[in-house]
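Student: I would like to work through a protein structure step by step, with the reasoning given for each answer. May we begin with the sequence and the model?

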Amino acid sequence: MALVNQTTVSIRSKTTPEGPFTELLACFDLPDFGADPENVDTTTLKDKVMTGEQGIGDPGELEFQFRYRPGEDQAYAVLDGLREAKDLEIQVEYAVGLTITFPISSFSTKFTGGGVNEVMNFTLAVSLAGDFKIKTPTV
């Protein structure tokens with residue numbers, strides 16, 4: 001079984017529906033993909049116990065963590081280019097063949113760290129515009 005770590009993950013973006021996915025940046029921390037569905041209460045006054053059904057889940061914002069390396073990968077310049085995009089999609093592909101693709105409606109960035117003995121990083125937080133498309137590898 002292959003170990004999945006940050007060196008075996010590619011993060012790509014696509015800025016138009018027909019455009020190709022291009023490598024985004026080297027990431028060191030990925031978000032969880034998916035959401036736990038909420039419980040919708042369906043209990044009536046005749047029920048002896050509470051009943052419920054699964055509703056929709058809210059994955060919240062997805063946060064990706066990147067190292068900030070000025071002059072090396074020009075991370076902020078890459079993200080600035082995405083700000084003008086329409087129909088933006090992100091694709092995460094693991095070396096084991098698992099691919100997760102999802103449309104986003106907006107994103108924000110923030111710098112973290114930079115203190116004494118701290119590495120300067122930045123966070124890319126994205127909001128979903130649709131569902132996850134998960135492609136599992138064929139064996």
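Student: How many aromatic pairs does the count come to?

Tutor: This is a predicted model, in which local features need pLDDT of at least 70, side-chain atom pairs count only at pLDDT 80 or more, and totals for chains, interfaces and linings use all residues. Residues are numbered from 1 along each chain as its sequence is written, and side-chain values use heavy atoms, with hydrogens and water left out. Rings of Phe, Tyr and Trp (its six-membered ring) pair if their centres lie within 6.5 Å; planes under 30 degrees apart count as stacked, over 60 as edge-to-face and the rest as tilted. By this rule, the number of aromatic pairs is seven.

Student: Is the pair of phenylalanine 33 and phenylalanine 102 tilted or edge-to-face?

Tutor: A pair of aromatic rings is described by the distance of the centres and the angle of the planes. For phenylalanine 33 and phenylalanine 102, the centres are 5.9 Å apart and the planes stand at 45°, so the pair is tilted.

Student: How many residues apart in sequence are the parts that phenylalanine 33 and phenylalanine 102 tie together?

Tutor: Strands (E, at least two residues) and helices (H or I, at least four) are DSSP runs, numbered from the N terminus. Phenylalanine 33 lies in the loop between β3 (27–29) and β4 (37–41), whereas phenylalanine 102 lies in strand β8 (residues 99–112). The pair therefore ties together parts whose separation in residues is 69.

Student: Is the pair of phenylalanine 33 and phenylalanine 132 tilted or edge-to-face?

Tutor: The ring centres of phenylalanine 33 and phenylalanine 132 are 6.0 Å apart. Their planes are at 80°, so the pair is edge-to-face.

Student: Which residues do ring pairs link into a cluster?

Tutor: Burial is a useful starting point, where buried means under 20% relative accessible area, exposed over 50%, and partly exposed in between (1.4 Å probe, protein chains only). Phenylalanine 33 and phenylalanine 132 are both buried, and phenylalanine 102 is buried with a relative accessible area of 0%. Ring pairs link these residues with one further phenylalanine, giving a cluster of Phe33, Phe102, Phe132 and Phe64.

Student: Which strand gives the most to the largest nonpolar core?

Tutor: A nonpolar core is a set of buried Ala, Val, Leu, Ile, Met, Phe, Trp, Tyr and Cys residues joined through side-chain atoms within 4.5 Å. The largest one has 22 residues, of which Ile11, Phe33, Phe64, Val92, Phe102 and Val126 touch the most other members. At least two residues of this core come from each of β1 (9–14), β6 (62–67), β7, β8 and β9. With four residues, the strand that gives the most is β8.

Student: Over how many bridges do β8 and β9 pair?

Tutor: Two strands pair if DSSP finds at least two bridges between them. β9 is mostly covered, with six of its eight residues buried, and pairs with β6 in the antiparallel sense over six bridges. The pairing of β8 and β9 is also antiparallel, and its number of bridges is eight.

Student: Is glutamate 89 buried or exposed?

Tutor: Glutamate 89 lies in strand β7 (residues 89–94). Contact means heavy atoms within 4.5 Å, and beyond its neighbours within four places in sequence, glutamate 89 is in contact with residues including Arg12, Lys14, Phe102 and Lys133. Because its relative accessibility is 11%, glutamate 89 counts as buried.
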